[in-house]
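Colleague: I would like to learn how to read a model like this one, feature by feature. Could we go through it together?

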Amino acid sequence: PAYFDGYLANIATYQAAYAAAHAPTPPTLADAQTAALTNWNTQINRFICSYFDTGTQISFIKLYLQLTDATQKTAIATVDEWVSVVLAYYYDIKAQLQAAATLADIAAIQAAVDLAGRYGPSGSVLAVPAVRLGDFYGDD
């Protein structure tokens, strides 16, 4: 019946008005940068700690200060060098994210990040050192 068509038209109008009023707002550049920087900070910390957690890093520092053997100190120094190089990459990407002018720039920067390929066991820039605390204490 005709009255039913009018009823359906009203429903469609209400649905459209509701959808428009509740549509998600696209993120602003500042919001996207904040989210990207937070994600990047989490990602870099997880990556480093997946190889050398904070306690292990502190133990290596303490051990380095106590050791007198140059070969052992050099082995431990490779861990510090690796962490420093990874952190330099972190700060480079962070600066790029902060300088991004568009949402597409942020997406491109994020897509280009390859921590494992650059710094993992077969890293193209600097491979993660194979040294472990157990190498100095007889177990791991």
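**Reading exposure, core and helices**

Modeller: Serine 124 counts as exposed because its relative accessibility is 61%, and exposed here means over 50%. Keep in mind that this is a predicted model.

Colleague: Where is serine 124 placed, and which residues is serine 124 in contact with, leaving aside its neighbours within four places in sequence?

Modeller: Serine 124 sits in the loop between α6 and α7. Outside that sequence window, its contacts are Gly117 and Arg118. The loop between α6 and α7 also holds serine 122, which is exposed with a relative accessible area of 69%. With neighbours within four places left aside, serine 122 is in contact with Gly117 and Ala127.

Colleague: How should I read the opposite case: is leucine 97 buried or exposed?

Modeller: The cut-off for buried is under 20% relative accessible area. Leucine 97 has 2%, so it is buried. Its place is in helix α4. Beyond four places in sequence, leucine 97 is in contact with Gln33, Ala36, Leu37, Trp40, Ile106, Ile109 and Gln110. Distance along the chain and distance in space can be read side by side: leucine 97 and phenylalanine 136 are 39 residues apart in sequence, and their C-alpha atoms are 40 Å apart.

Colleague: What about values that fall between the two cut-offs?

Modeller: Those residues are called partly exposed. Asparagine 41 is a case, with a relative accessible area of 34%. Asparagine 41 lies in helix α2. Its C-alpha atom is separated by 15 Å from that of aspartate 31, 10 residues apart along the chain.

Colleague: Which residues touch the most other members of the largest nonpolar core?

Modeller: The general idea first: in soluble globular proteins, nonpolar side chains tend to be buried together. In this model, the largest nonpolar core has 29 residues, and Trp40, Phe60, Trp82 and Leu115 touch the most other members. At least two residues of this core come from each of α2 (29-51), α3 (54-66), α4 (70-99), α5 (103-112) and α6 (115-119). α4 gives the most, with 9 residues. For Leu115, the residues touched, not counting those up to four places away in sequence, are Trp40, Gln43, Ile44, Phe47, Tyr89 and Gly120.

Colleague: How do I read the span of a helix, and what does α4 show?

Modeller: Compare the distance from first to last C-alpha with the span expected at 1.5 Å a residue. α4 has 30 residues and reaches 43 Å, close to the expected 44 Å. For α2, with 23 residues, the reach is 33 Å, close to the 33 Å expected.

Colleague: Which residues of α4 and α2 are buried, and what covers those of α4?

Modeller: In α4 the buried residues are Ile76, Val79, Trp82, Val83, Val86, Tyr89, Tyr90, Ile93 and Leu97. Their cover includes α2, α3, α5, α6 and α7 (134-137). In α2 the buried residues are Ala32, Gln33, Ala36, Trp40, Ile44, Phe47 and Ile48. These pack against α3, α4, α5 and α6.

Colleague: Which residues form a nonpolar patch on the surface?

Modeller: Ile61, Tyr64 and Leu65 form such a patch, with about 320 Å² of accessible area together. Isoleucine 61 belongs to helix α3. With 53% relative accessibility, isoleucine 61 counts as exposed, because the cut-off is over 50%.

Colleague: So the reading goes from single residues to the groups they form.

Modeller: Yes. Serine 124 is exposed at 61%, leucine 97 is buried at 2%, and asparagine 41 is partly exposed at 34%.

Note on methods: Residues are numbered from 1 along each chain as its sequence is written. This is a predicted model: local features need pLDDT of at least 70, side-chain atom pairs count only at pLDDT 80 or more; totals for chains, interfaces and linings use all residues. Side-chain values use heavy atoms; hydrogens and water are left out. A nonpolar core is a set of buried Ala, Val, Leu, Ile, Met, Phe, Trp, Tyr and Cys residues joined through side-chain atoms within 4.5 Å. Buried means under 20% relative accessible area, exposed over 50%, partly exposed in between (1.4 Å probe, protein chains only). Helices (H or I, at least four residues) and strands (E, at least two) are DSSP runs, numbered from the N terminus. Contact means heavy atoms within 4.5 Å. Patches are made of residues with over 30% relative accessible area and no salt bridge: like charges are joined within 9 Å, nonpolar side chains (Val, Leu, Ile, Met, Phe, Trp, Tyr) within 5 Å. Accessible areas come from the Shrake-Rupley method with a 1.4 Å probe; for residues, only the protein chains shown count as cover. A salt bridge is a side-chain nitrogen of Lys or Arg within 4 Å of a carboxyl oxygen of Asp or Glu. The expected span of a helix is 1.5 Å times one less than its number of residues.
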